[in-house]
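Me: Could you take a close look at one part of this model for me, the open and enclosed spaces, and walk me through what sits around them? Keep it informal, and follow the thread wherever the neighbouring residues lead.

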Amino acid sequence: MNFEYTAEQTLLRKTVRQFVDAEIIPHIARWDAQGGFDQAVWKRLAELGFMGVCVPEKYGGAGMDYNSLAIVCEELERGDTAFRTAVSVHIGLNSMTLMQWGTEAQKQNYLTPQAKGEKIGAFGLTEPGAGSDVAAMSSYAKREGDYYILNGQKTWISLCDVADHFIVFAYTDKEKLHHGISAFIVEREWAGFSSKAIKGKYGIRAGNTGELFFEDVKIPAENLLGEEGEGFKIAMSALDNGRFTVAAGAVGLMQACLEASVKYCKERETFGKPIGEHQLVGQMLAKMEAGYEMSRLLVYRVGELKNTGVRNTRETSLAKWQACDFANKAADDAMQIHGAYGYSDDYPVARYLRNSKAPVIYEGTREIHTIMQADYVLGKREDKKLRCMLPSWPFE
């Protein structure tokens, strides 16, 4: 086991941190209040290579390893969850799914412009009546000649109004349940597609989240991702990648909570001494540090499994569950340490707490991950090799 960062990873972390400190943190309070960030940030993310950090160079990416993606997500979420979410969806849920399941033509047409940051990718699985229960979806795609005709609706879709390409899941044979779901690459500009943002979110307010609508959208047959009926497997493997980035982001949120809390503990005095010297405050800091370090190890373990081409659904589930729970608790304690000031917008910890709740819910609630882990322990669940596996690193 090697716990050392490579020189490339160290430089990457420094670069992302400098970007966050200079171009996100000074503006995030305003963007959070306005409900959206300056779209020029996308151009900067592309210029720095973050939009394709772990995509092979032959498809326009930086060709770095999967733990480099974790580093990018950590540092971006230290700035704000909205930016990590954008990269999670664009790379983790969309681009890495194309890397795993796409044909060569699909990779050239969609993965390459996404890795270069010329186009933005998103992911459409959740529906108003289908969250944890994926088989409850109602979207349907019917084959007609050289096209599939898609009708349906998706909700809680990140980047709904800004993404150019979407991986969308729909039934092609309802009677087969999970085995009747297929995946498609859908372009925003196609007739019958529309989107609408959800307003008034509790957290991640700077991020774009909303609904997708499909009314007789004609999808060319060559935009079927994987094989017909393979959509459920594709969705679950995509969530492995998305959950990895969510867990990495949670590590970054804990880092932000620690930095803000330590700074405040050195500035604020009560009963004649800095508040950090009070034992119960120190206990909260210690628990933050413990959660931070444990979660980071869980995340990097998953990244290394991805690097070696090993399926990691079990390990990813554990990392996502624990890191998000630790981050939610760290944000709660950070607000408590700040006292009444933490309850205001004068300090960032209120935003941290609001942002920390969504990851406990999306991409598998803590309850779903608890059940998954119990099933693994009891021998009721086993991860088998998929027809298409995520490419190992270094890439060919």
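Reply: Let's start with the second largest pocket, which holds about 580 Å³ of space. Keep in mind that this is a predicted model. There are 19 lining residues, and the ones closest to the pocket's centre are Asn2, Phe3, Glu4, Asn67 and Tyr300. As for who builds the wall, helix H1 (7–23), H4 and helix H8 (279–307) each put in at least two residues. H8 has the largest share of that lining, with 7 residues. Chemically it's a mixed bag: 6 nonpolar, 6 polar and 7 charged residues.

H4 deserves a detour. This helix covers residues 66–79, so 14 residues, and spans 21 Å from its first C-alpha to its last, close to the 20 Å expected at 1.5 Å a residue. How much of H4 is buried? 14 of its 14 residues are, so the helix is mostly covered.

Now for the enclosed spaces. The count comes to 2 cavities of 30 Å³ or more. The largest cavity has a volume of about 140 Å³. Of its 13 lining residues, Gln100, Arg311, Asn312, Met389 and Leu390 are the closest to the centre. Two elements give two or more residues to this lining: helix H7 (231–267) and H8. H8, then, turns up in the lining of the second largest pocket and also in that of the largest cavity. H7 has the largest share in the largest cavity, 3 residues. By class, the lining of the largest cavity splits into 5 nonpolar, 5 polar and 3 charged residues.

The second largest cavity comes in at about 30 Å³. Its lining is made of Glu77, Arg84, Val246, Ala250, Leu253, Cys324, Ala327, Ser356 and Pro359. H7, helix H9 (313–338) and helix H10 (349–361) each bring at least two residues to that wall, and H7 gives the most, with 3. The class split here is 6 nonpolar, 1 polar and 2 charged.

On to the rings, since H4 plays a part there too. Searching the whole structure turns up 13 aromatic pairs. One of them joins Trp31 and Phe83 in a tilted arrangement, 5.9 Å centre to centre with 50° between the planes. Trp31 belongs to helix H2 (residues 28–34) and Phe83 to helix H5 (residues 81–101), so this pair ties together parts that are 52 residues apart in sequence. Are the two rings' residues buried or exposed? Trp31 counts as buried because its relative accessibility is 5%, and Phe83 counts as buried at 1%.

Another pair takes us back to H4: Tyr66 and Phe395 meet edge-to-face, at 5.9 Å centre to centre and 85° between the planes. Tyr66 sits in helix H4, while Phe395 is in the segment after helix H11 (366–377), so the contact ties together parts 329 residues apart in sequence. Both Tyr66 and Phe395 are buried. That segment after H11 also contains Pro394, and the peptide bond leading into Pro394 from Trp393 is cis, with omega near 5°.

Going back to Trp31 and Phe83, these two belong to one aromatic cluster together with Phe37 and Trp42. Elsewhere there's a charge-over-ring contact: Lys218 lies over the face of Tyr147, 4.3 Å from the ring centre.

A couple of backbone oddities are worth a glance before you set anything up. Trp156 has a positive phi of about 55° although it isn't a glycine. Trp156 lies in strand S3 (residues 147–158), and its relative accessibility is 52%, so it counts as exposed. Leu159 also has a positive phi, near 65°, and is likewise not a glycine. Leu159 sits in the loop between S3 and strand S4 (165–171). Where Trp156 is exposed, Leu159 counts as buried, because its relative accessibility is 5%.

Technical notes: Residues numbered from 1 in each chain as written. Predicted model: local features only at pLDDT ≥ 70, side-chain atom pairs only at ≥ 80, totals over all residues. Heavy atoms only, no water. Helix = DSSP H or I, 4+ residues; strand = E, 2+ residues; numbered from the N terminus. Buried < 20%, exposed > 50% of the residue type's maximum accessible area, 1.4 Å probe, protein only. Phe/Tyr/Trp six-rings, centres within 6.5 Å; stacked < 30°, edge-to-face > 60°. Lys NZ or Arg CZ within 6 Å of the ring centre and 35° of its normal. 1 Å grid on protein atoms, 1.4 Å probe; cavity = no way out; pocket = protein on both sides within 12 Å on 5 of 7 lines; lining within 4 Å. Points joined across faces, edges and corners; volume = space filled by probe spheres on them. Nonpolar A, V, L, I, M, F, W, Y, C, P; charged D, E, K, R; others polar.
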